[in-house]
Amino acid sequence: MNKTVFPTQRLSSEKLAALLQNRDVSELSFPELVRLYREEPGLADFRPDGDYQIDPRNGERILFNAARARRPHDNRPAAEKPVASPERPCVVCQGRTTGIIDVVALSEGVTFINKNLYPLLFPVAECLPGQVQGLHLLQWTSSLHDRDWHNLPLGDCVVVLERLAALEELLRTSGAEEFPLEAANPTGERAFVSIIKNYGHLVGGSLAHGHQQIALSNIIPRRFLDNWRFEQEHGETFAAYMLRRNPPELLVRDYGPAVLLVSYFMRRPYNMLLILKDVERRYLHELSAVEIEAVAAGWRDAIRAIRDIMPRIGRETAYNVVTHNGPGAGLYFEFLPYTQEIGGYEQLGLFICQERPENVAAQLRETLNADRAAGLSREDYEHAT
Ligand SMILES: [Zn+2]
């Protein structure tokens, strides 16, 4: 591959200081967060429409948001110019982003959280029935443009996950009381924290600078409802079911408190699940230090494997990560590389998967073992020199 050499883009400490509103999200009150959110310059111009509908067949929630069509993209395929080249600068590295509410140092640079300028949700002053209320935030994995889960040291990935857990705690525990209960939600839970990652323009990633998205909403995402219903019907969480039921040959890696695996019902090649073994866990902020480390290692490995495999199978690298927290899930994460299009049969709920789970699990184990061996030999080399 022909790579142009130019200095690593990053959000400088001067630009970061100019955006800094708060250092530690766990010291922020929910009303204070809402105030900062409402007062963010420009954010209200991109407010969502504010209403939503439910598909009566399956409970999917549809949010209307005309303003989001106007948001900028810097993540189109690099046809003419490489992403974030000097001619195509990154808005985040330039400091053209929103006020920061959490920042922690990594081994190099920092990880930080701010508001999404093009929010899915807005904390309206008065939420009427049929309306949506919430917040939409972003966690930038690193202030260095080209650093993300796959190329950060594990210790840094742990810090990133800890900050995500701290934000989840603030949103869920203090955010929950402020919100009206959605009429069509049978779970009794009042507020939902949806944590996702989009990478690649093919799957909704509009900016190249590595990030996670965190949304707090008074309405329940359909998959959360699925998890809740699963537990009602089966008398155990989905995590407990998978740990008991998934064939052992589909295990990719065991981290002690968590396992990375391919499910026996894999819909798309290389889809993976990372599941906490303690099925009483429901949220990131409930995890112990060893559990956080296991989850961070799982995220890092899954993303490394996806980035390694997709170019080899002739696919542009693109994936989503989704977090299943809340009622009925246990706690688990799905890694969904875009390895196959969604066709008409899939729209009918009839998935045709072009690979077998056992082959994929074997390839993923091989990729991660080769990666680990390469990492070890690199460490040996660094110790020797
Ligand atoms: Zn950047």
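Val-193 stands opposite Leu-216 of strand 7. The two strands concerned, strand 6 (residues 192–199) and strand 7 (residues 211–217), pair in the antiparallel sense over five bridges. Here strands (E, at least two residues) and helices (H or I, at least four residues) are DSSP runs, numbered from the N terminus, and two strands pair if DSSP finds at least two bridges between them. The model is a predicted one, in which local features need pLDDT of at least 70 and side-chain atom pairs count only at pLDDT 80 or more, whereas totals for chains, interfaces and linings use all residues. Residues are numbered from 1 along each chain as its sequence is written.

Strands 6 and 7 belong to an open sheet of ten strands, in the order 3-4-5-7-6-11-12-10-9-8, with antiparallel pairing. At its edges are strand 3 (100–105) and strand 8 (251–254), each of which pairs on one side only. From one strand to the next, the twist averages 15°. Angles of this kind run from 0 to 180 degrees between N-to-C directions, and axes are lines fitted to C-alpha atoms, for helices over the stretch in contact.

The sheet order leads next to strands 11, 12, 10 and 9. Six bridges join strand 11 (residues 319–324) to strand 12 in the antiparallel sense, and Val-321 stands opposite Phe-335 in strand 12. Phe-335 is also the bridge partner of Met-272. Strand 10 (residues 272–276) and strand 12 (residues 332–337) pair in the antiparallel sense over four bridges, and another bridge partner in strand 12 is Tyr-332, which is matched with Ile-275. Strand 9 and strand 10 run antiparallel and are joined by four bridges; there, Leu-260 has Leu-274 as its bridge partner.

How many residues of strand 10 are buried? Five of the five are, so the strand is largely enclosed by the rest of the structure. A residue is buried if 20 or more other C-beta atoms lie within 10 Å of its own, exposed if 12 or fewer, and partly exposed in between, with C-beta atoms placed from the backbone. In a regular strand the side chains alternate between the two faces of the sheet. In strand 10, Met-272, Leu-274 and Leu-276 point one way, Leu-273 and Ile-275 point the other way, and all are buried. Helix 5 (residues 238–245) lies across strand 10 and strand 12, and runs at about 110° to strand 10.

Strand 10 also leads to the nonpolar core. Such a core is a set of buried Ala, Val, Leu, Ile, Met, Phe, Trp, Tyr and Cys residues joined through C-beta atoms within 7 Å. The largest one has 88 residues, and those with the most contacts inside it are Met-272 and Leu-274. Helix 6 (residues 289–312) gives the most to this core, with eleven residues. Two residues are in contact if their C-beta atoms, placed from the backbone, lie within 7 Å. Leaving aside neighbours within four places in sequence, Leu-274 is in contact with Ala-258, Leu-260, Val-295, Gly-298, Trp-299, Ala-302, Tyr-332 and Phe-333.

Helix 6 has a helical partner as well. Two packed helices are described by the angle between their axes and the distance between the axes. Helix 3 (residues 154–174) and helix 6 pack at an angle of about 110°, with their axes 9 Å apart. That makes helix 3 roughly perpendicular to helix 6, a class that covers 65 to 115 degrees, while angles under 35 count as roughly parallel, over 145 as roughly antiparallel, and the rest as oblique. The contact involves, among others, Leu-161 and Ala-165 of helix 3 and Val-295 and Trp-299 of helix 6.

Two loop residues merit attention. Tyr-270 is placed in the loop between strand 9 (258–261) and strand 10. Most residues other than glycine have a negative phi. Tyr-270, although not a glycine, has a positive phi of about 75°. Tyr-270 counts as buried because 26 C-beta neighbours lie inside 10 Å. Leu-144, in the loop between strand 5 (134–140) and helix 3, also counts as buried, with 21 C-beta neighbours inside 10 Å. Leu-144 and Ser-12 are 132 residues apart in sequence, yet 8.8 Å apart in space, C-alpha to C-alpha.

Is Glu-39 buried or exposed? Glu-39 lies in helix 2 (residues 30–39) and counts as exposed because it has 11 C-beta neighbours inside 10 Å.
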